[in-house]
Structure formats: C-alpha cells, structure tokens
Amino acid sequence: MGELEDRLERLAEHRAAQIPAFSMPPTDELAVRRGVMRRHRLVVAIAACVAFALVIGGLLIFAHDSHGPTVETPAGTLPSTTDGGCTGKAYVNNSAHGTLSVLDTTTGAVTATIPVGQPEVGGQNGPFISPDGKQLYVTHNLDGTATVISTATDSVVATIPLGKEPFSITFSPDSSRAYVTHGDEGTLTVISTATGQVAATLRVGESRRVPQPNPIPSTMTPDGKHLYINNTDGTLSVITTGTGAASATIHVGTGPGDIAFTPDGKDAYVANQTDGTVSVITTATVAVSATIPVGHGPLGIAFTPDGKYAYVTNNTDGTVSVITTATHAVSAPIAVGTQPVGVTITSDGKYAYVANNIDDTVSIITTATGAVSTPIPVGSRPRGIAVCPEPIANQPR
Amino acid sequence: MVRRWSGHGLARGEYRLRQRFVIEGIAAADAGEELLSAEASGTNSALGLAWDAGRMGSDYEFEQFVRTIEPGLRRALTGHLAREAVADALAEAFAYAWEHWDRVMHLEHPTGYLFRVAQSKVRIRKQGFLPWSSRDATPDVEPALVGALAGLSPAQSRAVWLVHACGWTYAETGEALHMSPSTVGSHVSRALGHLREQLGVAVDG
C-alpha cells in the first residue's frame, strides 16, 4: 500500500476515533418505534394509492391525444447493410456529447459525427461493432436502450428498448446475436441482429449481481461458446452462451476493466485497474497463468491482429504499455493524452487508436515505431473506440 | 440458503468468519469472539460450539448486525459530514435499518445502502469533503491531505474516501454512491492522481 493510501487510512482512523460508537437502544423501544412506523406506512400507502389512481387517470386522458411512444421500436427486419461499408473507419464514443465521431483510418481525419444519444442523459457506452462490420451498437444504461447504427450509411437504423441498465454488448462470431449485459441482477439479453428484437433473456447466476456496469464488462470467446463477464469485484464469471449457465469463476486482480482475447482464443487478458497489472487467463484451463505489472490504472486492452502484442491504456499515467504476448515483456510506456480509456488497433496492425478521455482527443500510435501522432480533437469525453473489422473475405484463414 | 447481511470495516478473515456465522446459522456473538480467536490461532474447534437458538430472534440478529457494521459506517461518515452530525446520521441510519429490517437483512451491501440512507437523512448527498471545524479539540492529523480532498469533486472525494480510507470494495462503494463499480474505479483513479499531484506524493509512494 502506498503512502497516500496510508495517509487516508490514518485520517479516517483519527476521525472515527473521535465519534462515540453508536449504542443500541433497548430493543423494546425499537419495537415500539417499528409499530409506529408501520402505522405511518399504512397511512402513506393509502395516500399513495389515491395519488397513483389520479396520475394514471391523467395519463390515460393524455395518451388519448398523443401520437404514440417516443422510443423507436424496430418492426420486421432492420434495413440491410452492405459489406465493406465499415472498412477504413474508426468510431469513437463521445460519452458526454451524445455522439460518435467517425475517423478515416487512412487519413486520421474526423469524417462524420453521428448523434446517438442525449448528452444531458449520459450513460452512453460503446461502440460495439459486429464481427461482420455491418452494425454498430451503443447502449444507454440510464434510459435502458441501445442505438443501432448502420456502418454503411453511418446513420441510426433502430433504437431498441432493453430494460434496466444495459451496458456492454458482445456478438456471436457469425454476428447473428448480440449479447447485452445489464447492471441489474444477473440477466443477459440476447438480440437478433437481423430484426433488432429481443430473442431471449437469460439468467446468469442466481440472485447475484453478476454483470456489473463497466464500459466493456463482457467479451465473447472467439469460438462463441463462452462469455467472460467482469463482475468488477475481482472476479470474472464464465458463462456458457447457449444456456446462460455459469461454468466457472476466475479470480483476477482488483478493479478489473477490459477483457480481451488473443486472436487465437488461447488467452484472455484482463486489465486490473487498481492493481496496475494485467491478468493472463489460459482459456483451456480457465485459470490465471500470469500477472503482468504495467502502468497505473490500466483500463483498455487491444491485441494486434497477429496476436503478438497487447496494447494497454494506463488511465492514471496517461500512457500506453505494450506487452509482448510470447514473453510477457512490457515496453517503456508510450505517452498519449490525459486519462486514456479505450484502445483499438487497425486491422492491418499498423496503428493503435487511443481515446483520451479528459483531452477530448484521439492519439494514434504507429505500432512499428511507437511514434504518437498529434492528438485529433473529437467530441466530449471520448471513452470507447473501435475500428471496423477486416471484411471476412480478406481475413487470414 | 438465504443470504443475510455481511460486514464492513472488518479484517478480511473476520469478515469471512462472520459471513460463515450467518450463513451457517451460528448466531452467538459471544462465541463469535472465541471463533475469531480460534481462527487466528489456526484452529477451528470453537466452530463446534452450539449456537443459542433461543437468542436467534430478529432483535438479537439486529444487534449483531449493528455491532458488526457500525465501526465501518461511522468511519465512512466522517468524511463528508460535520463532526457533530456523524452521530445523528448513524442513529438515523440504524433507525431506518430497524424499521426496514426485513429488507435490509437481505441486502448484499447493507453498509453501502445505509451510508446512502444516512446521507439522505441529513440531506447533504452532494457535499464535498469537509475539513472538520477548527474548534474541534483534536484537529485533523493530515491537514494537507484534508485540503487536497476538499479540492476534489464530491463524487471523487467520496469514492476515494470509501475505497482507500475505509477499505470498501468498488461494489460496496458503488452501492453507497449509487453508481457502477467501474465508475467508482474511474473516480478513485482520478482522485488519486489529483491527490498525488497536489501533495507531491510519488506514485509508488
């Protein structure tokens, strides 16, 4: 524990020692108080029922004159998109701006800004791009929806009501299903990406707060058989996607952030924000096989397409560490902007894009040299960032 | 098995043992101290103590609940309340817990929840870190740190206070501050960065 944490503890101990401990009143006094409170609650409940009836009556009258719901709900199939519309683009989630910035990965220029949410509402997470590159999702955990964007046209094609606190989305390898984790007690919503309709709601775990809110708390194994969910309490749950059953719990470090799989699916890397480490999980054994110290506040992780390197954003330091996956050696930190969050790597492996949350910029690292570009201004509080996947026909087999 | 309450402000071993107490239906507080000693000494023979079924009523259970979480809750409340308000806030929180015991006893993070209740009862949920008044007999031991904490946003100071001064987990702190654990982590990270900068503390400190 560091000096600063020690000083905080000392201050708290000093203060707490000056406050007399709470002493329990006799329980018969508590019982009397509880009886009084129950009578009070009965009166309040009756009043609430009357008020509720009045409000419902008013709403019915209002609804009679209104023009339907404000949330766009998809019907039938979503507008079709074309292959290749996504190629050469990166999307940045401007979390406090209600927008996505679209970057041209050839020139590094911002080519479009897509309104996707309400900046005054906040809680905008993503972007989550389907493996086929056709769709991009953004979740809004505060209003319980997901916005679907066609990457071919960079326009919103649907808004899907998802219920309580939708956070992250990960896709089946064939892009037909999107799996949404929620911040409530252990549900996983499965969306058919063709229709935008909810196909299933699975219970993951029993009355546990399994999927906790994190910008990217869950990731699908490359074979699509399992989902790793970040419980944010120092553990991951491994969920079998077909059934929603939890098959394992993995203890990683403190304050886990992103989870990313090597392209071959053999290892999963988890950024432990509080510990300043990255846990390496061998997926065959579902166990941590190594813990790699990086910088302070590691948060985002992305692999180069060949799987040789992992790029990790050190949120506290304003740097990126590069891990050589074969040896677990860590590079000297590469300075980027203030409080970097998301990182993503272009499909040719030549560039890493980093979202600098406080600076409202994106830095581009040339992977061959570690050189960092002049920061590119985007929208307010960029967090997540994703580049489009390589079209399937061009992917190495 | 019904999950009941869990402890705050406890050493990790004590926390685990008290959880086991409740989960296994062992509710003898006096015996509990023996059990803690037993675990510390590497034995578990005291676990064989029979629990006093006659004392297993909700009154008794509530007493144990208060005894267990009170130190952690008191400590947490000293960050953002005036010194003279902490005792009142504690009393309000426990009165609420008693009135809603049927629900509170099943909460996953009751201390975090009651922290929120206490803040609500004294109506200062958005207040930043408070230096204790100069008329206090014992001034703060870390005046520079107090000044730096007061310079943080309310959310950052609360998060870093609960996590690093009080030893709460991100999940517990999230319950207390009504935010996600990842948001807690983000606030803590930023707060530590600001504090280190303000105080000139090296990262590895």
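Helix α1 of chain A, residues 3-17, has 15 residues and reaches 21 Å from its first C-alpha to its last, close to the 21 Å expected at 1.5 Å a residue. This helix belongs to a predicted model. Chain A has two helices and 29 strands, whereas chain B has 10 helices and zero strands.

**Helix α1 of chain A**

- The buried residues of α1(A) are Leu4(A), Glu5(A), Arg7(A), Leu8(A), Leu11(A), Ala12(A), His14(A), Arg15(A) and Ala16(A).
- An α-helix has 3.6 residues a turn, so residues three or four places apart point the same way.
- Leu4(A), Leu8(A), Leu11(A) and Arg15(A) are among the buried residues of this helix.

**Chain A as a whole**

- Chain A has 397 residues, and buried residues make up 51% of them.
- The surface that chain A exposes is about 17200 Å², with 57% of it supplied by carbon and sulfur atoms.
- Of the contacts in chain A with a separation of 6 or more, 40% are accounted for by residues 24 or more positions apart.

**Strands β26, β27 and β28 of chain A**

- Strand β27(A) covers residues 361-366 and is mostly covered, with five of its six residues buried.
- Strand β26(A), residues 351-356, runs antiparallel to β27(A), and six bridges join the two.
- Within this pairing, Ile364(A) of β27(A) stands opposite Tyr353(A).
- The two strands form a hairpin with four residues between them. In the turn, Asp360(A) has a positive phi of about 60°.
- Strand β27(A) is also joined by two bridges to β28(A), residues 376-377, and these strands run antiparallel.
- Val362(A) has Ile376(A) in β28(A) as its bridge partner.

**The surroundings of Thr139 in chain A**

- Thr139(A) is located in strand β5(A), which spans residues 135-140.
- Thr139(A) counts as buried because its relative accessibility is 0%, and the limit for that class is under 20%.
- A polar atom of the Thr139(A) side chain lies 2.4 Å from the backbone oxygen of Phe167(A).
- Leaving aside residues up to four places away in sequence, Thr139(A) touches Gly123(A), Gln124(A), Asn125(A), Phe128(A), Thr145(A), Ala146(A), Pro166(A), Phe167(A) and Ile169(A).
- Phe167(A) therefore appears both in the list of residues touched by Thr139(A) and in the polar pair, given that a contact means heavy atoms within 4.5 Å.

**Chain B**

- From the N terminus on, the elements of chain B run α-α-α-α-α-α-α-α-α-α.
- Chain B has 205 residues, of which 55% count as buried.
- The accessible surface of chain B is about 8900 Å², and 50% of it belongs to carbon and sulfur atoms.
- Among contacts in chain B between residues at least 6 apart in sequence, those that join residues at least 24 apart make up 66%.

**Confidence in chain A**

- The average pLDDT of chain A is 80, and 77% of the residues score at least 70.
- Over residues 58-75 of chain A, pLDDT stays under 50, and the model has 15 contacts beyond four places in sequence for this stretch.
- Residues 206-216 of chain A also have pLDDT under 50 throughout, and for them the model has 53 contacts beyond four places in sequence.
- Where pLDDT is low, the predicted coordinates should not be read in detail.

Conventions
Residues numbered from 1 in each chain as written. Chains lettered and ligands numbered in written order. Heavy atoms only, no water. Buried < 20%, exposed > 50% of the residue type's maximum accessible area, 1.4 Å probe, protein only. Areas by Shrake-Rupley, 256 points an atom, 1.4 Å probe, with all protein chains shown as cover. Expected span 1.5 Å × (residues − 1). pLDDT = per-residue confidence, 0-100. Pairing = 2+ DSSP bridges. Polar contact = N/O pair within 3.5 Å; in protein donor to acceptor, adjacent residues only side chain to side chain.
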